[in-house]
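Biologist: Could you take me through one part of this model in close detail, starting from a single residue and working outwards to what surrounds it? Please tell me as well how far the prediction can be trusted.

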Amino acid sequence: MRWPWHRAARTSTSAQPRFLPSATDGIAFEAGYTISWRPLWRVPPNVEEAVRTAVHARACETAARLGASDVPAAQDAINAALGRLPRRAPDYCLLHVHAVLGLPKSAQDLLAQQAADKQRISRLRFLKDNLYDHPDLVVLDQLEHHAPVALGDEHVVELQRLARLIYSCDSWWFPLLEQWEKVGQGFTDIEKQQQAMIVLSDSLKALNGGSLPSGIAAVDMSGSDGAPRRAHP
């Protein structure tokens, strides 16, 4: 109801979206406002700017505590905060205010990338905890992802060889290399690292009466051209 001494209500809308900070690093909201207000008598000519400033300041204060991943929830929270603004100010009466929130295209793309990265990290952690900390399961994982007819004989033989190698690594070679890595961290020269592996191989032979343990092939430290080659079980 408008009393005779009341001035006519006015409505201000945003010609351009205003940016609001968010609690998500690098992302800001876009906000558009629809504000209904009534000026008081004998007010300065810039009263509309004062109304917009008060509304935007309250919206910024609220938005800074909100994450950008849920825009509808953030919009509801900001409108609730705007609804608690004082109805009467020195130069105007605030009748109604409503904000519509959105995200720029660049912010949407950044959020999508962040979500994809989080899912990838979560998947990698799951694989590490449930698969790659148990290396023999890698072979089973490969078999599970291929239909039986899709694997050729050579591929199956290679997987079987890999399984045996992983088994031997788990049983004795990997713990040994783990300890050797701690001992040899001071070696920076590749040739010295290769010489150290020969010493390690000779030590294993000495411990086993002059030969490597049964079923373990001798370590070949040189290629066909005589150059040192990386040792492996």
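Modeller: Strands here are DSSP runs of E of at least two residues, numbered from the N terminus. On that basis Leu-20 has its place in strand S2, residues 18–21, and I shall take Leu-20 as the starting point, keeping in mind throughout that this is a predicted model.

Leu-20 has a relative accessible area of 1% and is therefore buried, since buried means under 20%. Leaving aside neighbours within four places in sequence, Leu-20 is in contact with Ala-28, Phe-29, Ala-31, Tyr-33, His-56, Ala-59, Cys-60, Ala-63, Ile-78 and Leu-101. A separation along the chain can also be set against one in space: Leu-20 and Thr-62 are 42 residues apart in sequence, and their C-alpha atoms lie 9.1 Å apart. For the chain as a whole, among contacts between residues at least 6 apart in sequence, 62% join residues at least 24 apart.

One of the partners of Leu-20 is His-56, which is placed in helix H1, residues 47–63. His-56 is likewise buried, because its relative accessible area of 11% falls under the 20% limit. Beyond four places in sequence, the contacts of His-56 are Arg-18, Phe-19, Leu-20 and Tyr-33, and Tyr-33 is also among the contacts of Leu-20.

These residues lead to the largest nonpolar core, which has 29 residues and in which Leu-20, Phe-29, Tyr-33, Ile-78 and Leu-82 have the most contacts. Strand S3 (28–39), H1, helix H2 (71–82), strand S4 (92–102) and helix H3 (105–132) are the elements that give two or more residues to this core, and H1 gives the most, with 6 residues. In soluble globular proteins, nonpolar side chains tend to be buried together. Leu-82, not counting residues up to four places away in sequence, touches Tyr-33, Val-55, Arg-58, Ala-59, Arg-87, Val-97 and Ala-99; Tyr-33 and Ala-59 also appear among the contacts of Leu-20.

Two of the elements that supply the core also carry salt bridges, and a search of the whole structure finds 2 of these. In helix H1, Glu-48 is bridged to Arg-52, with the closest N and O atoms 3.5 Å apart; the two residues are 4 apart in that helix, so about one helical turn separates them. Glu-48 is partly exposed at 30% relative accessibility, and Arg-52 is partly exposed at 27%. In helix H3, the side chains of Lys-105 and Asp-109 meet at 2.9 Å, N to O, again with 4 residues, and therefore about one helical turn, between them. Lys-105 counts as exposed at 55% relative accessibility, whereas Asp-109 at 40% counts as partly exposed.

As for the wider setting, the chain holds 6 helices and 4 strands, running β-β-β-α-α-β-α-α-α-α from the N terminus. Buried residues make up 27% of its 233 residues, and its accessible surface comes to about 16000 Å², of which carbon and sulfur atoms hold 56%.

On trust, the mean pLDDT of the chain is 79, and 74% of its residues reach 70 or more. Over residues 217–233, however, the pLDDT is below 50, although this stretch has 27 contacts in the model beyond near neighbours in sequence. Where pLDDT is low, the predicted coordinates should not be read in detail.

Note on methods. Residues are numbered from 1 along each chain as its sequence is written. This is a predicted model: local features need pLDDT of at least 70, side-chain atom pairs count only at pLDDT 80 or more; totals for chains, interfaces and linings use all residues. Side-chain values use heavy atoms; hydrogens and water are left out. Buried means under 20% relative accessible area, exposed over 50%, partly exposed in between (1.4 Å probe, protein chains only). Contact means heavy atoms within 4.5 Å. Accessible areas come from the Shrake-Rupley method with a 1.4 Å probe; for residues, only the protein chains shown count as cover. pLDDT is the predictor's confidence in each residue, from 0 to 100. A nonpolar core is a set of buried Ala, Val, Leu, Ile, Met, Phe, Trp, Tyr and Cys residues joined through side-chain atoms within 4.5 Å. A salt bridge is a side-chain nitrogen of Lys or Arg within 4 Å of a carboxyl oxygen of Asp or Glu.
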